[in-house]
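Ready to find your way around a new fold? Grab a pencil and work through the exercises below, peeking at the solutions whenever you like.

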Amino acid sequence: MNIEKDYFRGKNAVVTGAASGVGLALIEELLDFGADKAVLADFNRESLERHTARLSQSYPGQVAGILCDVTQQSQVTELIEQAAEFSSGRIDLLINNAGAGFGGCFVTPSTETEIAKILPVSTDQDWQTAFALNFYGALYGCRAVIPIMQAQGGGQIINVISGIAFTPMAYQTRYAATKAALNGLTLALRYEFWDDQIKISSATPGTTATAIWGDLGVPDTAQTALQSAQRILAGAAKNDRVILGDDGDVSGADQCFSTDPRIMAGLDDYLLNVARQRRGGKMAV
Ligand SMILES: NC(=O)c1ccc[n+]([C@@H]2O[C@H](COP(=O)([O-])OP(=O)(O)OC[C@H]3O[C@@H](n4cnc5c(N)ncnc54)[C@H](O)[C@@H]3O)[C@@H](O)[C@H]2O)c1
């Protein structure tokens, strides 16, 4: 992987969902690449304190952990204020990474299926919870940090989406919809703030071995969180419009809006096969 490591030297970064998985690996790589200040934000107090203390030993004075539930706009506003204070008023990079996978049946399945035993029907409240985390959490982050970046003459925001934004899968309707919405928000903001020298991109981590997979188990094809973070940061340094975290996501993005009949038929076959396997109780990807 060809990473422009010096790009991050001396920068001040904030990463949400940084107490685990991809977010934690992003923080560790940013520090390794010479970032000046790194702020970990997460709502898991125990993990946040543990990793902040561990990293502070290696990088004294450069690391802060800020407890923040990104679904609460007031807490995100406060996070950005406190992060700016820690970083002498300047935030160069915000990575809105906090998110979750959200599986569920859309309505009750018509026949008795295994999936109904694993995944309940998503309620309105479930839909609101998913949008609060995967969409509004990042929206609040952008809203809070953009004025700071405008005032300082530029900056960079990466919103972490998922390959599911391009390859929507059955029984993950909330995940597909929230990440596609976040992608739309991100790419519109990219051009709204381009002339303010604020670089804004979406990034998919690729299939990555993290806690997000929970009881479903990590797929055999998963890469490490470090590999994912390196790929995201390589794309950030190049200001890629959509950073694609693994080769599967590259082909997913290439194919999603293809009008080639063979590609469309192939995608239908693939996604129908995933749906049928899932209906049978196997969370295939
Ligand atoms: N791992 C994958 O295969 C994969 C694939 C595609 C997209 N993603 C995306 O990558 C991002 C990181 O996920 P991960 O795989 O590292 O998962 P993870 O579960 O290891 O990490 C998610 C982190 O977000 C935090 N978090 C959850 N809700 C929060 C909230 N309300 N406020 C603040 N923090 C909160 C958790 O405490 C956790 O530390 C997510 O946006 C996820 O959707 C992951």
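What follows is a set of exercises, each with a worked solution.

Before you start, note that residues are numbered from 1 along each chain as its sequence is written. This is a predicted model, where local features need pLDDT of at least 70, side-chain atom pairs count only at pLDDT 80 or more, and totals for chains, interfaces and linings use all residues.

**Exercise 1. The sheet**

Work out the order of the strands in the sheet, and find the strands at its edges.

Solution. Step one: get the elements. Helices (H or I, at least four residues) and strands (E, at least two) are DSSP runs, numbered from the N terminus. Two strands pair if DSSP finds at least two bridges between them.

Step two: line the strands up. Seven of them form an open sheet with parallel pairing, in the order E3-E2-E1-E4-E5-E6-E7.

Step three: look at the ends of that order. Strand E3 (63–67) and strand E7 (242–244) each have a single partner strand, so one side of each has no neighbour in the sheet. From one strand to the next, the twist averages 20°; angles run from 0 to 180 degrees between N-to-C directions, and axes are lines fitted to C-alpha atoms, for helices over the stretch in contact.

Step four: add a helix. Helix H2 (residues 45–58) packs on the sheet and touches strand E2 (37–42) and E3, and its direction makes about 170° with that of E3. Touching here is about contact: two residues are in contact if their C-beta atoms, placed from the backbone, lie within 7 Å.

**Exercise 2. Strands E5 and E6**

Follow the bridges of E5 to E4 and E6, then decide whether E5 and E6 are enclosed or open.

Solution. Start with E4 (residues 93–96), which is joined to E5 (residues 155–160) by four bridges and runs parallel to it. Here Leu 93 stands opposite Gln 156.

Next, go to the other pairing: six bridges join E5 to the parallel strand E6 (residues 198–204). Gly 155 stands opposite Ile 198, and Ile 157 has Ile 200 as its bridge partner. Carry on from E6 and you reach E7, joined by three bridges and again parallel, with Thr 204 partnered by Leu 244.

Now count neighbours. A residue is buried if 20 or more other C-beta atoms lie within 10 Å of its own, exposed if 12 or fewer, and partly exposed in between, with C-beta atoms placed from the backbone. In E5, six of the six residues are buried, so the strand is largely enclosed by the rest of the structure. E6 has seven of seven buried, so E6 is largely enclosed too.

Finally, check the faces. In a regular strand the side chains alternate between the two faces of the sheet. For E5, Gly 155, Ile 157 and Asn 159 are buried on one side, and Gln 156, Ile 158 and Val 160 on the other. For E6, Ile 198, Ile 200, Ser 202 and Thr 204 cover one side, while Lys 199, Ser 201 and Ala 203 cover the other.

**Exercise 3. Two helices that pack**

Describe how H3 and H5 pack, and say which residues meet.

Solution. Two packed helices are described by the angle between their axes and the distance between the axes. Helix H3 (residues 73–86) and helix H5 (residues 124–152) pack at about 35°, with axes 9 Å apart.

Then list who meets whom: Gln 73, Val 76, Thr 77, Ile 80 and Ala 84 in H3 face Tyr 140, Gly 141, Ala 144, Val 145 and Ile 148 in H5. By class, that contact has seven nonpolar, three polar and no charged residues. For the classes, Ala, Val, Leu, Ile, Met, Phe, Trp, Tyr, Cys and Pro count as nonpolar, Asp, Glu, Lys and Arg as charged, and the others, Gly among them, as polar.

**Exercise 4. Two odd backbones**

Find where Tyr 171 and Gln 197 sit, and decide for each whether it is buried or partly exposed.

Solution. Most residues other than glycine have a negative phi, and most peptide bonds are trans. Tyr 171, not a glycine, has a positive phi of about 65°. Tyr 171 lies in the loop between E5 and helix H6 (173–192), and counts as buried because it has 22 C-beta neighbours inside 10 Å.

Gln 197 has a positive phi too, about 60°. Gln 197 belongs to the loop between H6 and E6 and, with 13 other C-beta atoms within 10 Å, is partly exposed.
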